[in-house]
Amino acid sequence: MKIGSALIGDPETGEIRGSWLETLIEDVVRFFARGQQVIIVTSGAVAVGSSHFNHLDRSLRGEEKQTAGAIGQNSCVPMNRV
């Protein structure tokens with residue numbers, strides 16, 4: 001399953017949506033219990049890092065999205081080790 005950045009990070013605050021992730025983990029545990037395999041593809045880094053650009057009154061440009069991704073990746077790495 002692909003999980004977009006908007007699901008990982010709160011679009012208004014840029015914070016990682018921990019309660020949503022806990023629910024996802026519970027769902028994945030149920031899939032495994034039924035013998036199903038799950039592949040999750042996501043980063044969420046851009047959404048999380050974008051909170052550092054809230055002062056802008058416009059959408060992020062390409063290089064700003066790259067910067068937001070680099071900033072946000074630091075927050076997402078621990079989450080990916082679950």
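Q: What share of the area exposed by the protein chain do carbon and sulfur atoms supply?
A: In this predicted model, local features need pLDDT of at least 70 and side-chain atom pairs count only at pLDDT 80 or more, while totals for chains, interfaces and linings use all residues. Residues are numbered from 1 along each chain as its sequence is written, and side-chain values use heavy atoms, with hydrogens and water left out. The protein chain exposes about 5700 Å², an area that comes from the Shrake-Rupley method with a 1.4 Å probe. Of this area, carbon and sulfur atoms supply 54%.

Q: Which helix gives the most to the largest nonpolar core?
A: A nonpolar core is a set of buried Ala, Val, Leu, Ile, Met, Phe, Trp, Tyr and Cys residues joined through side-chain atoms within 4.5 Å, where buried means under 20% relative accessible area with a 1.4 Å probe, protein chains only. The largest one is made up of five residues, I3, I8, L21, L24 and V28. Three residues of this core come from residues 18-33, the helix that gives the most, and helices are DSSP runs (H or I, at least four residues) numbered from the N terminus. That helix is α2.

Q: Which residues does V28 contact, leaving aside its neighbours within four places in sequence?
A: Contact means heavy atoms within 4.5 Å, and V28 is one of the residues of the largest nonpolar core. With neighbours within four places in sequence left aside, the residues in contact with V28 are V38 and I40.

Methods
Buried < 20%, exposed > 50% of the residue type's maximum accessible area, 1.4 Å probe, protein only. Helix = DSSP H or I, 4+ residues; strand = E, 2+ residues; numbered from the N terminus.
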